[in-house]
Amino acid sequence: MAGIASFFRQLSLFDSAPVEAQAPAARPSARSAWADIPAAQRPNVSTVPAPGLDSLLEVAGYNQGASTASSFADLCRGPYAHIQVVAGKRLWESWRVAWTRRHEALRLDIPAMLEEAPREIKEALLEWAVLVTRRGGKRDPVLRARRGDLETRIREHLHAPPAEGTQPTGTAGKRLARNRRRVQRLEPKGAHHDLDASFRAVNERYFEGRLQAKLTWSARLGGLSTHSLAQDGEGQPYHLLSISRGYDNPEVTPEILGGVVYHECLHIAIPPRREGGRRVVHGPDFRRREREYDHFEVWRDWHRYGLPKALRRLRKAKSR
Ligand SMILES: [Zn+2]
């Protein structure tokens, strides 16, 4: 289990965050939780997951016993009276807190599904918000342990499978249905190339066969090639490499296809890191390893010049 936990932690850093996900730390008057959490522990509370990570949540966010639920409005009293809770449609497995500009209130951003969470999860969120914004709390080992405990509880709730016999409701339900369809749509065999074969070859040659991933051709025509984290029917996470349809083309050689598969594989091997508040995805180490691909130049040229043409042709063929 510990393996899986660290797996999540690493990977949740991966996906490119939307612009609004940038830490508000740059604003001098705003003290935010993001700035308080060591980079290594930060991902789940500080990043907004991109689409790939959303699938992690396909089993999250059910109405687990509405009878025990109290609204945040009821709970934001006393020690929590200064907290504004904002449910975000775009947050799925992360939450964050920051002082508002004038320091008079804490703004706690949460995934919308947590509005339906049981009371103890909501209280855990509020306590967490107060803890991480407290001055000096970072150095106090007792407070740090408590915070970790709260984060684990919230995360477990977000990842919890639905209770027997219950149906997820609302946005969570829609999300779940969509991701189920997504899992079924894995399509490694294209009209011209088999991604599984390409992955096996790349994995053997460059990663000692140790990488684990599932591959699919991108569902959309103009789709880019991406690496994301998905979840199978049993709730096990896996790396999903989605390869642009443009590569499923008769002029693409196995060497060219291997180049894009290798690039996406490298994202598994070299997870993004944080540097001075910025996410580094294609850092110098990544670029160096990328050049170790045997046919790097051939691949890069096709990626730059052949792929856009191939995608245009595909689009034209489809619109006819
Ligand atoms: Zn990349």
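The following dialogue walks through several features of a predicted model.

Student: Where should I begin with the interior, and which residues have the most contacts inside the largest nonpolar core?

Tutor: In soluble globular proteins, nonpolar side chains tend to be buried together. In this predicted model, the largest nonpolar core has 25 residues, and Leu195, Val202, Ile243, Leu257, Val260, Val261 and Tyr262 are those with the most contacts inside it. At least two residues of this core come from each of helix H9 (195-207), strands E4 (214-217), E5 (226-231) and E6 (237-243), and helices H10 (254-269) and H12 (296-319). H10 supplies the largest share of this core, 7 residues.

Student: What is valine 202 in contact with, leaving aside its neighbours within four places in sequence?

Tutor: With those neighbours set aside, valine 202 is in contact with Gly258, Val261, Tyr262 and Cys265. Apart from this core lies another, of 22 residues, which includes Trp95, Val97, Leu125 and Leu126.

Student: How many of the residues of H10 are buried, and what covers them?

Tutor: A residue is taken as buried when 20 or more other C-beta atoms lie within 10 Å of its own. In H10, 12 of the 16 residues are buried, so the helix is largely enclosed by the rest of the structure. The buried residues are Ile256, Leu257, Gly258, Gly259, Val260, Val261, Tyr262, His263, Glu264, Cys265, Leu266 and His267, and their cover includes H9, E5, E6, helix H11 (284-290) and H12. As for its length, H10 reaches 21 Å from its first C-alpha to its last, close to the 22 Å expected at 1.5 Å a residue.

Student: At what angle do the axes of H10 and H12 cross, and which residues meet there?

Tutor: An angle of 65 to 115 degrees counts as roughly perpendicular. The axes of H10 and H12 cross at roughly 85° and come within 8 Å, and the two helices are therefore roughly perpendicular to each other. On the H10 side, Glu255, Ile256, Gly259 and Val260 meet Phe296, Val298, Trp299, Trp302 and His303 of H12. The residues of this contact of H10 with H12 divide into 6 nonpolar, 2 polar and 1 charged.

Student: Turning to H6, which of its residues are buried, and is valine 130 buried or partly exposed?

Tutor: Helix H6 (residues 119-132) has 14 residues and reaches 20 Å from its first C-alpha to its last, close to the 20 Å expected at 1.5 Å a residue. Its buried residues are Ile121, Lys122, Leu125, Leu126, Trp128, Ala129, Leu131 and Val132. Valine 130, which also has its place in H6, counts as partly exposed because it has 17 C-beta neighbours inside 10 Å. Although valine 130 and leucine 106 are 24 residues apart in sequence, their C-alpha atoms are 8.2 Å apart in space.

Student: Which residues does glycine 190 touch, not counting residues up to four places away in sequence?

Tutor: Glycine 190, in the loop between helix H8 (170-184) and H9, touches Trp217 and Asp248 on that reckoning. The C-alpha atoms of glycine 190 and tryptophan 217 are separated by 7.1 Å, with the two residues 27 apart along the chain. Glycine 190 is partly exposed, with 17 other C-beta atoms within 10 Å.

Student: What is the phi of glutamate 208, and where does this residue lie?

Tutor: Glutamate 208 has a positive phi of about 55° although it is not a glycine. The residue has its place in the loop between H9 and E4, and glutamate 208 is exposed, with 8 other C-beta atoms within 10 Å.

Key: Residues are numbered from 1 along each chain as its sequence is written. This is a predicted model: local features need pLDDT of at least 70, side-chain atom pairs count only at pLDDT 80 or more; totals for chains, interfaces and linings use all residues. A nonpolar core is a set of buried Ala, Val, Leu, Ile, Met, Phe, Trp, Tyr and Cys residues joined through C-beta atoms within 7 Å. Helices (H or I, at least four residues) and strands (E, at least two) are DSSP runs, numbered from the N terminus. Two residues are in contact if their C-beta atoms, placed from the backbone, lie within 7 Å. The expected span of a helix is 1.5 Å times one less than its number of residues. Axes are lines fitted to C-alpha atoms, for helices over the stretch in contact, and angles run from 0 to 180 degrees between N-to-C directions. Angles under 35 degrees count as roughly parallel, over 145 as roughly antiparallel, 65 to 115 as roughly perpendicular and the rest as oblique. Ala, Val, Leu, Ile, Met, Phe, Trp, Tyr, Cys and Pro count as nonpolar, Asp, Glu, Lys and Arg as charged, and the others, Gly among them, as polar.
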